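Me: I've just opened this one and I'd like to know where the labels come from. Can you walk me through it?

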Amino acid sequence: MKKKALIVILACIVLIGMIMIVYRTAAGKKPFQDMEPAEIVSATVRVTPPDTTVQIVDIEELTGYLNEVVLYREDNSYTEYSGQGVVFTLVLSDGTQTEVMAYNPFFVINGVGYRTKYEPCQALNAYANRLLKDENASIVLEEPPGLTVISDETAFDTLLGTYVWQKRNSDGTSTVTQTDSPHPLDCENWIPKFETSETTAALEFAENPDSILNIQCWNEKQWNNHDADSETIAIDGYEIELKPGGYIYEVVAEWDAEKNGYGGTAHYYFYIKVLENEQ
């Protein structure tokens, strides 16, 4: 009799243990539940699309969202999905760096994906997009932004030339990178070429500069003669007047690195031939 009672008791213990395991699995876990704002030295978030990185100033607000994240089973099938992902890079006080991505219905920690509770993950996504839309957002520019030229309802890329660029390191120091490129007139084989029937073109930067320092051009007959004199081009906002015929253009723009530790000066090259209008 005692033996049967013992078996029943053991069976109940096993059953209770299994119920607790199932409950904990269903309830999920909060990996950042106990994280304090003081543990995060600095943080950024990259929103893709549009592939823009923002410096996070309010670490306490970010920590509040992270505290609520709930993870379930491991699932790396997030790589098969498409959509907007927001990637937070956290530099921690112990010297380590953690990268987390809110990508409903997944949450990814340092490359490992998990199924996640919808609401906390969505809150992080919405938070990142609010930061992105803030006109006072501190945009992180690891390198010079791209420049696209638009004319005759057609957009084309430009060639990034010489630049001097500063970026801030996680320890508070800065690194300055300087590159040199050939003179625009020596770039005939690499420079983007375009034809248009319009007499104007719009400059569209991935992130607008604080100032456009100079725009100049050379006639196509001056290819490979970098001693040739250039002509200065006036700009109205981000629109330029194009010279008739074929010309090589150089745009020099500047981003103020004093704002958040990222910025510098960059040169961009492109060629446009304005076609004569047929009468």
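**Where the labels come from**

Reply: Sure, and keep in mind that this is a predicted model. Let's begin with Phe 205, which has a relative accessible area of 6%.

Me: Why is Phe 205 called buried?

Reply: Buried means under 20% relative accessible area. Phe 205 has 6%, so it counts as buried.

Me: What makes Phe 205 and Tyr 268 an edge-to-face pair?

Reply: Two numbers settle that. In general, a pair of aromatic rings is described by the distance of the centres and the angle of the planes. Here the centres of Phe 205 and Tyr 268 are 5.8 Å apart, and the planes are at 75°. The cut-offs are centres within 6.5 Å for a pair and planes over 60 degrees apart for edge-to-face, so Phe 205 and Tyr 268 fit both. A search of the whole structure turns up 14 aromatic pairs.

Me: How do you know that this pair links distant parts of the chain?

Reply: Look at the numbering: Phe 205 sits in strand 14 and Tyr 268 in strand 20, 63 residues apart. Tyr 268 has 1% relative accessibility, under the 20% limit, so that one is buried too.

Me: Why are Tyr 247 and Tyr 249 called tilted?

Reply: Their planes are at 55°, which is neither under 30 degrees nor over 60, so the pair is tilted. The ring centres are 6.5 Å apart, and a pair needs them within 6.5 Å. Tyr 247 and Tyr 249 also belong to one aromatic cluster with Phe 156, Phe 194 and Phe 270.

Me: What makes Tyr 247 and Tyr 249 buried?

Reply: The same kind of check: Tyr 247 has 9% and Tyr 249 has 0%, and under 20% counts as buried.

Me: Back to strand 14. Which side chains point to which face?

Reply: Ala 201, Leu 203 and Phe 205 point to one face and are buried, whereas Thr 200, Ala 202 and Glu 204 point to the other and are not. In a regular strand the side chains alternate between the two faces of the sheet.

Me: How do you know that strand 14 pairs with strand 9?

Reply: Pairing takes at least two bridges, and strands 9 and 14 have 4, running antiparallel. One of the partners is Leu 203, bridged to Val 149. Strand 18 is joined to strand 14 by 3 bridges, also antiparallel.

Me: Last one: how do you know that the length of helix 3 agrees with what's expected?

Reply: At 1.5 Å a residue, its 16 residues should span 22 Å, and the end C-alpha atoms are 23 Å apart, so the two agree.

Notes: Residues are numbered from 1 along each chain as its sequence is written. This is a predicted model: local features need pLDDT of at least 70, side-chain atom pairs count only at pLDDT 80 or more; totals for chains, interfaces and linings use all residues. Side-chain values use heavy atoms; hydrogens and water are left out. Helices (H or I, at least four residues) and strands (E, at least two) are DSSP runs, numbered from the N terminus. The expected span of a helix is 1.5 Å times one less than its number of residues. Rings of Phe, Tyr and Trp (its six-membered ring) pair if their centres lie within 6.5 Å; planes under 30 degrees apart count as stacked, over 60 as edge-to-face and the rest as tilted. Buried means under 20% relative accessible area, exposed over 50%, partly exposed in between (1.4 Å probe, protein chains only).
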